[in-house]
Every structure is written in C-alpha cells, then in structure tokens.
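Colleague: I would like to go through this model with you, one question at a time. Please give the reasoning before each result.

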Amino acid sequence: MDPVIVVGAGPVGLSLALALARLDVPSIVLDETTGQEDSRPARTAVLRQDTAAFVGRIGCADTLESAGTRWTAWRTMRRRRLLERIPFAPRTPDGAAGPATASPVHLPQHALTRALRAALAHEKLATVVTDSRLADLEQDEHGVSAQTRGPNGTWWRGSYLIGCDGPRSTVRKLLDIRFPGRTAVERHAVAALRCELPWPGEALLHRSPPRHGGGPGGEVSARPLADGLWRLDWLLPPGRELVTPDALVARIRDSLAGWTVESPADPADGTGAEGGEPLARGRGHGRLVPPYELLDTGVHTVHHRLARCWRQGRAFLAGDAAHLLGALGTQGLDEGLRDAENLAWKLGLAWHHGASEMLLDSYQAERRGAVAARLRAADQALPLLRDGRAARWRTVLPGAARGRSTLLTDGHLGRGPLGAPPVYARTPLAPHAEHTGGPLVETFPGAPVTDVAVTAPDGSVVRLRDRLGHGLLVVLVAPGTGVWDRRHWQSAGLMPGLTDAVTALPMDAEILVTEAYPGAAAHTVLLVRPDGHLVTAFSGVRPAEMHACADAVRGGAHGREAEAVRRSDDAARRTGGTEEYEECEDSEASGRREAGEDGASAVDPVGTSMLHSESD
C-alpha cells in the first residue's frame, strides 16, 4: 500500500509522521523549507500532561527533560494582591505526580521541532523531502497524488494525505474548504529574557498590575524556561498601533521593576544608590530594575478560525490548517498535537486493515467538535474576562474578580472550559448503551483516563499513558497484585478469562493491571482507546460486551449502521434544500454568525458557536 503523505514539517506534521512510524505505517513528509529551524526563544510551547506524554512516546522524552521546564507553582495576582498559589507536585523518576498537580512542560518550540526532526531521521519508514512546495493534488478511490514544485518537484503517490501546512494551508485551499472565523481577537507582546525574578521556578499571571495603571484589562504573565530564561507576555490594548522596540523595552523594565522590592531612594540623576542600573519610573515610587539580558521579542496576534470540513475523501486537515485558537497564547500547538494523536491510530487501522467511513469520519466529528467547543467557550468568556465589569460577569458566573482570575488560571493550567482536555462523549465510535458497563469509575466515557501506575505483561511497572498509541488497552483493577509474584496472579482469578476475551477482540489489545483506579472497585475492567480516552468500564470480564465495544471503536458493525443513518439524514437534508448551518460573509461588519435550531449536531457543537465568519 502507498505511504501516507504529510504536507508540512512543523511540530504537528512531524509528530504525525512519527506516530505513524510507531504503527508501522510509512510516510512522506513534504517540507517546503530547507529543514533548518531558526532559534526563537520567545516562541515557546506549553504542553499539558496528555500532549507532553504523546510527544514523549514518539521519541522526544529526553528533549522534554533537557530543554523543557516543569514549574514548581503557579501564582495568580491582581494589583498587589496574591489571589492564589497552586503548587505542583515534584517530578519523580516514575512520573508519579498526580493528574491534578502535575505541571505543564514549557520549552522553546524550535527545540521541540529539532527533536522531532532528529527522531524522524532515525525512522526507516519516514522520509522528509525538503524544498518541496505543494502545487496540486488529485484523489481517486485508491489514493491521493500530490504534485510539488522546487528542487525536488515531482508527483507523489500516497494512500492518504494530511495537510499540516499551517494557517495559509495550500491543502485546504486546493480542497476548496472555507476557513471562517475572527481576525486579531487579541494581541500579545512577547519577550524572552534571562533574569532573576522573586519567585524562581514559579509561573505568574498578574492581572491589572499597578505599574500599568491597575485598570481593567491589563495583564502580564511570566513563565520560566530552562537555563534561567523567562517568557513574558503582555496583553496589548485593542487596536493595531505599532509596538516599537522602545515601547517593548519600557514594558519589560516596568514589569521587572514592579516585581522587585522598593528602592530606598530616588537619586536626582536617575541611577541606583551606587550608580548602577537606572531606575524604572512608573505610576508609583521608583523601583530598581533587576539586571536582565533580552534575547528575543515579538508580537503574537491571536486569530480564531475553524475549517468547515476536516476531511474530504482521503485528504485530511490538522493543526493550524484546520483551526486557529490560543486566546491565552499557548493552546494552539496542544490542540494540533491532539489532532495528530487522534488521527494516527485511525490511519494505522485504515492502512493495515482497511477502515469504515465512520472510523475516518470520526476524526472530524471528535476533533472539530472539541475545538469548536473550545472556541465557543473563549468567545463567550474572554470579553467578560477582559473588560473588568463585575456586573456583567456575575450574569455568567457568581463571584467577581476571583471568579475571572480562576477561569483564566484554569485555562493556563489545562483545566476548565478554556483548557481541559477534550471529552468525546458523543463520538460516532461510542458503543451501544446495552454493551456498556455503566458508570463504574470516576472517568466519563470519552474522557481521558487517569494516568495511574500499571503493571505490563513483562512485569514492569509503568505509567498508563506510556502504553498508549498502538492498540486498545484493557486495564484490570486488582488490588494487592503488587505484592504477588507475576507468575501467580497471571494464572489466577479473572486473568485466564480476561486473556481469552482479549485474544478474541477484533483489534489488537494489551492487558494491563493496576492496584487502583479512581472510583473503581476491585475486578473492574477498563477499555481504553489508543489515544487514551475511555471507551467504557465493566464489572468483571464480559467477553461479548467487550467484543462489541472494540468493534464500535474500530467503526465496525455499529459504525456501519450509524453511517447508513447519517447518509440517509444527509440525503433528506439535501432533498429539503437546507444546509447543516449557514455562514454569513464579512462578519466583522454584519455581526454574529447565524445557525438554525437544528443546525448543531451532537458531536459538532459549532452550530451554536459565537464564532463569526470571514471569507478566506
């Protein structure tokens, strides 16, 4: 079978190619650049627990440890008051930090991209072709042909093609897929510098800082990096005024001075007490600016856009080609990596065993629905978060300033409506209700599983997320197994029956054993998808139900039934002359997007989104 063609060699495209290689699927990565990654210290990535685990599994764990930083705590301040300090559990050799207390991983994006390229260079199943710009593509029932221009210009043949080629995606334009949304939702000034701040190792969100006037809407964040570096972000006021180098340096000095102790005096010549660093002057008493080395600056503009379609035949979109988001400045890459992880295992099944249309369609249904929900939450919350008017805020969530700050903090830390990992509650791959075991654990079906310690078939104790990516995981909750020799418990109790049931599943699966799982009683069996989302949980071994659920995950019999219903609904909709939902052009002038009452599907809630629409 022909390899998979990945267009674009950014972090999402490279991650997807690596994930496919782990599934023994060959790929060709078309890279329009020379393959050299520029160093931009101010362009960083914040990876939450699930995306950091994914990057580690595909070969970049060492880079996460060497180039990445895990914070010791997160501080939220307003004016001069500390609202909240959230400590993070220290990283242990077995990765035992709990899911609620583990820090994100913060690293320069160029370090991540270089690590992905290095890992891909050792993969025999993956080839990166540089200086290759996509010019055209054609599809038929057996595959995709892609034409490139440049020194390596030629026609390439693939089984599938994925456009990971960024906001101005050529793949998306060749497929004539619209990209509605809003432009310049927010702007942030960004700086990377080396300095010492009063809270080493801790990240900070400072709202209405006093040295910026203390008024509503002011916001600055400071996130530590490795080697004594920091990334500072300032939310810029609305408008398109130019941020000059002098203005940015003034912001840096103003913020650093505001975070230091007050100086004893303000000499007339404007220098410090011993003729050292000049004082930074603001709205208050003079304060010493601590020494710093400025390494990189920039202005980050946030756009909110969502492609109308993420799959056409054998072509898919992922990452910035499919969506633009990141109102908190760091979320876009997280969602792109989730796209790659979600799509990789489905393409792996399709490449090796063939796939139903439902399995391939589920990528768009799950991922587009999740990103649409995130965009909708941001569009609804951010205007209230930024304008500072408590009366309007109380109509959404009780509690004035603290409620706003908590929602922002949760978004930065990967929690709540602005940051939590997606839950595929109404995925097309969900099994029929009669085949599920009911709510036996704290994790809802479709939600990411808790990263508990598990015992693998070889007797090693690892984290649950370390075993994801290949096939289904069947996790047995068996308290006390840790004190037993593996030779004894593998042939006792439920294990023989569970082994027979797993062997009969229509997908590859691995049995893991854990001492405990949140909310689970002894002898609970969890069925986990390759991307770490829970299918369902059973009380004991139930071979028939397990088989039916595994078949649903691969888009089998249940998937074919659902596909037939969907096609019938589509035909009825076309006959009636209506669309799933409508767009209006030039929304910046005409207002909010319109959608019919029946326009939002169960897995695609964008029909009720507050997104606006523009022509691409």
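Colleague: Which residues of H3 do Pro 11, Leu 14, Ser 15, Ala 17 and Leu 18 in H1 meet?

Modeller: This is a predicted model, where local features need pLDDT (the predictor's confidence in each residue, from 0 to 100) of at least 70, side-chain atom pairs count only at pLDDT 80 or more, and totals for chains, interfaces and linings use all residues. Residues are numbered from 1 along each chain as its sequence is written, and side-chain values use heavy atoms, without hydrogens and water. Helices are DSSP runs of H or I, at least four residues, numbered from the N terminus, and contact means heavy atoms within 4.5 Å. On the H3 side, the residues met are Gln 109, Leu 112, Thr 113, Leu 116, Arg 117, Ala 119 and Leu 120.

Colleague: How do the residues of that contact divide into nonpolar, polar and charged?

Modeller: Ala, Val, Leu, Ile, Met, Phe, Trp, Tyr, Cys and Pro count as nonpolar, Asp, Glu, Lys and Arg as charged, and the others, Gly among them, as polar. For H1 with H3 the division is eight nonpolar, three polar and one charged.

Colleague: At what angle do H1 and H3 pack?

Modeller: Axes are lines fitted to C-alpha atoms over the stretch in contact, and angles run from 0 to 180 degrees between N-to-C directions. The axes of H1 (residues 11-22) and H3 (residues 109-121) are 10 Å apart, and the angle is about 30 degrees.

Colleague: Is H1 roughly parallel or roughly antiparallel to H3?

Modeller: Angles under 35 degrees count as roughly parallel, over 145 as roughly antiparallel, 65 to 115 as roughly perpendicular and the rest as oblique. H1 is therefore, relative to H3, roughly parallel.

Colleague: What pLDDT does the chain average?

Modeller: Of the residues, 77% score at least 70. The chain average is 81.

Definitions and conventions. Helices (H or I, at least four residues) and strands (E, at least two) are DSSP runs, numbered from the N terminus.
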